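Hi,

Here is the structure I promised to pass on. Have a look at it first, and my notes follow below.

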Amino acid sequence: MGRTVVVLGGGISGLAASYYLSRGSCPPKVVLVEGSKRLGGWIRSIRGPDGAIFELGPRGIRTAGVLGAQTLLLVREQVSELGLDSEVLPVRGDHPAAQKRFLYVGGALHLLPTGLSLTLKVASLAMDSLCRGVFAGNSRELSVRSCFPSLFQAEQSHRSVILGLLLGTGRRPQPDSALIRQARAERWTQWSLRGGLEMLPQALDSHLTSRGVHVLRGQPVCGLSLHAEGHWKVSLGDSSLEADHIISAIPASELSKLLPAEAAPLAHVLSTITAVSVAVVNLQYRGTHLPIQGFGHLVPSSEDPVVLGIVYDSIAFPEQDGNSPGLRVTVMLGGSWLHTLEARGHALSQELFLQQAQEAVATQLGLKEQPSHFLVHLHK
């Protein structure tokens, strides 16, 4: 009898786990369980009335380091299976979106310096901004290991951040392929897909179904129990699944609620790993231009506790501007500010997020006109 593996969560992590499990000459039976009706998690791409692409979540995949090389290798492996090779949109090293990122400090945009040229004050503001921009959290509650893994590894390998950055951390060799070599030669900083990043989970969904993976949508898991024989029971309301192994790709705090009583110590630890909500506001303008060229800018909490940052989508991926090219920007709101509002029971409305976003682009980018199109989405 073959093994059965149940994967909890149909976001990109659950899809990737199912993809690798389904490979090989004798793969196990794989069942992917997703509580909502759609796959992809926070990755969601919307095509506007003029064909423009709006990303309600992540908009690109970084290529730096071993993890970045592995994502490129994944695309190369899936060329024949998913047909995504011709859809890749890279941001090359000579592009303004690759070279310029900004900090909004003191009511003005400042080019974020790189390398050892960072002053202590700028480095402090950059750390606060990057932690908020990446994790949407309070930088005081986040570690250097989380926000800056390369700095952490440099210090761990040489007991000095500067020495570690200069001498390298001796990491394992990176994966290699023609696409990876091209990305290195052209110094890609990130890539996306022509029809939006959601093309990746959509293609994975079709591929997994063709490989015999059972994909269950709209099936929230109610609980997990472990039988004496070592098999798991996954309760799905009116039905259940039997599994030899379970892979969780859902938030830690959600998993903690599903574990059986005998796993109480693990459930307690998982419940302490918290998450925050983030609001994403996509704005489109006609007949206007940004005062600067770059990927976007981050906002320190000391400058604005509401806005995490603004991404200049049309600069990085002009191919997604649609039939009537204009200007697309995305404003990220939330983090600890949004957590405080939720804790105090304040009403969270689209109108509130849209107002905050428009005030931010007017103040920080000089975009004072009304957008021709907008989308507001709250990621819980």
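A good place to start is V6, whose bridge partner in β2 is V31. Keep in mind that this is a predicted model. The two strands involved are β1 (residues 4-8) and β2 (residues 29-33), which run parallel and are joined by 5 bridges.

Zooming out, β1 and β2 belong to an open sheet of 4 strands with parallel pairing, in the order β10-β2-β1-β14. At its edges sit β10 (214-216) and β14 (245-248), each of which pairs on one side only. On average, neighbouring strands of this sheet are turned by 20° against each other, ignoring direction.

Next, take a look at strand β6 (residues 88-91). V88 and P90 point one way from β6, L89 and V91 point the other way, and all are buried. That fits the usual pattern: in a regular strand, side chains alternate between the two faces of the sheet. β6 is joined by 4 bridges to strand β9 (residues 190-193), and these two run antiparallel. In β9, L193 is the residue opposite V88.

Last one: L290. You'll find L290 in the loop between β15 (278-285) and β16 (296-298). Is this loop residue buried or exposed? L290 has a relative accessible area of 11%, and the cut-off for buried is under 20%, so L290 counts as buried. Leaving out residues up to four places away in sequence, L290 touches Y312, I315, L327, V329, L365 and L367. L365 is 75 residues away along the chain, yet the C-alpha atoms of L290 and L365 are separated by 6.9 Å.

Cheers

Key
Residues are numbered from 1 along each chain as its sequence is written. This is a predicted model: local features need pLDDT of at least 70, side-chain atom pairs count only at pLDDT 80 or more; totals for chains, interfaces and linings use all residues. Side-chain values use heavy atoms; hydrogens and water are left out. Two strands pair if DSSP finds at least two bridges between them. Axes are lines fitted to C-alpha atoms, for helices over the stretch in contact, and angles run from 0 to 180 degrees between N-to-C directions. Buried means under 20% relative accessible area, exposed over 50%, partly exposed in between (1.4 Å probe, protein chains only). Contact means heavy atoms within 4.5 Å.
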